[in-house]
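Work through these exercises with the structure open beside you. Try each task before you read its solution.

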Amino acid sequence: MPTPPTLHTPVLPQALLDGLAIDPNGHYLDATLGRGGHSRLILATFPDVRVTGIDLDDEAIATTQGNLSELFGDRLQVWQGNFADYSGKIGEFNGIIADLGVSSPQFDVAERGFSFRHQAPLDMRMNRQQSLTAAEIINHWDQTSLADLFYQYGEERRSRVIARRIVQQRPFETTTALAEAIALCFPPKQRYGRIHPATRVFQALRIAVNDELGSLERFLEKAPHWLKPGGHIGIISFHSLEDRRVKYSFRDSLLLDVVTKNRLFPKQKNKQTTLDLVRQIKVCTTES
């Protein structure tokens, strides 16, 4: 089946499908619908498979529902909101998937403010109805709070130096102005490497704006209860902060048995995003 241009080409597609062990009459939850790449693959496996898709982004919901409805009719149902706030029923789904982090289309739309590749307002909201933006954090948080944020959520070793410069030079209005100020905190030889010096700070800001880790923890606590006996849950994580939470949640769960003993990695890295270094998938199953 050809991929429509507005749909996402998913990472680890075959590994995820194999891990989910699609039931011909199954009902699946795509907790990070995005542009529908994974949902499209699941719906295409059998004619009676159904998917419920969740996303915070109203634009993603509208685009993907329109595209996939043309292909699969009402077998796709959508719910807009944070996956941690979804009220799933006990034993509702044969399988659950989540591909964590920001999507490529969000990076590519400059005005969303996720990327420093284009000049744009410091926004970074996945849910554009919320009030907290990256600009609010950068321009109003105190120096210590900024340094802690960059270190804890970005694992940025120069967090204190960067926070000091930001406080001295703010207010910042655009992504590019902030990225340039951050780059000046690094020696000249480190400013033009493969990874931009602002990458980790931008990751930390995005995580804080969208409460990504808090939402993930709440989702991981609730989601196993939504699985049918023998159902599978697969999580694709983007960085170590996510991966640790997924790994420990699966390990400590009384409902789940880990299926993948080793991490699985994509054969090719996604060239569209700055920090797409590795994605990891963990798949668990409820006891039959």
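**Exercise 1. Find P171 and describe the peptide bond that leads into it.**

Solution.
- Step 1: Locate the residue. P171 sits in the loop that links α7 and α8.
- Step 2: Look at the bond before it. The model is a predicted one. In it, the peptide bond from R170 to P171 is cis.
- Step 3: Check the angle. Omega for this bond is near 20 degrees.

**Exercise 2. Decide whether helix α8 is largely enclosed or not, and name what its buried residues pack against.**

Solution.
- Step 1: Set the range. Helix α8 runs over residues 175-183.
- Step 2: Apply the cut-off. A residue is buried when its relative accessible area is under 20%.
- Step 3: List the residues that pass. They are T175, T176, L178, A179, A181, I182 and A183.
- Step 4: Conclude. Seven of the nine residues are buried, so α8 is largely enclosed by the rest of the structure.
- Step 5: Find the neighbours. The buried residues of α8 pack against α5 (134-140), α7 and α9 (199-210).

**Exercise 3. Place V161 and classify its exposure.**

Solution.
- Step 1: Find the element. V161 belongs to helix α7, which spans residues 159-169.
- Step 2: Read the value. The relative accessible area of V161 is 35%.
- Step 3: Compare with the limits. Under 20% is buried and over 50% is exposed. V161 is therefore partly exposed.
- Step 4: Add a distance. F186 is 25 residues from V161 along the chain. Their C-alpha atoms are separated by 9.3 Å.

**Exercise 4. A21 and E155 are not glycines, yet each has a positive phi. Where do they lie, and are they buried or partly exposed?**

Solution.
- Step 1: Take A21. Its phi is about 50 degrees. A21 lies in the loop between α1 (13-20) and β1 (27-30).
- Step 2: Classify A21. Its relative accessibility is 46%, so A21 counts as partly exposed.
- Step 3: Take E155. Its phi is also positive, about 50 degrees. E155 is in the loop between α6 (143-154) and α7.
- Step 4: Classify E155. Its relative accessibility is 32%, so E155 counts as partly exposed.

**Exercise 5. Examine D55 and D99, two positions that carry a UniProt "binding site" annotation.**

Solution.
- Step 1: Read the record. The annotation comes from an unreviewed UniProt entry. It covers G36, G37, H38, D55, F83, D99 and Q106.
- Step 2: Place D55. It lies in strand β2, residues 50-55. With a relative accessible area of 13%, D55 is buried.
- Step 3: List contacts. Leave out residues up to four places away in sequence; D55 then touches T32, L33, G34, A60, I61, W79, Q80 and G81.
- Step 4: Look closer at G34. Its backbone nitrogen lies 2.7 Å from a polar atom of the D55 side chain.
- Step 5: Place D99. It lies in strand β4, residues 93-99. With a relative accessible area of 12%, D99 is buried.

**Exercise 6. Summarise the whole protein chain: how many helices and strands, and what share is buried?**

Solution.
- Step 1: Count elements. The chain has eleven helices and seven strands.
- Step 2: Take the buried share. Of its 288 residues, 52% count as buried.
- Step 3: Consider contacts with a separation of 6 or more. Residues 24 or more positions apart account for 70% of them.
- Step 4: Turn to the surface. The chain exposes about 13,800 Å². Carbon and sulfur atoms supply 49% of that area.

Notes. Residues numbered from 1 in each chain as written. Predicted model: local features only at pLDDT ≥ 70, side-chain atom pairs only at ≥ 80, totals over all residues. Heavy atoms only, no water. Helix = DSSP H or I, 4+ residues; strand = E, 2+ residues; numbered from the N terminus. Buried < 20%, exposed > 50% of the residue type's maximum accessible area, 1.4 Å probe, protein only. Contact = heavy atoms within 4.5 Å. Areas by Shrake-Rupley, 256 points an atom, 1.4 Å probe, with all protein chains shown as cover. UniProt positions renumbered as here; feature names shortened; annotations may be inferred. Polar contact = N/O pair within 3.5 Å; in protein donor to acceptor, adjacent residues only side chain to side chain.
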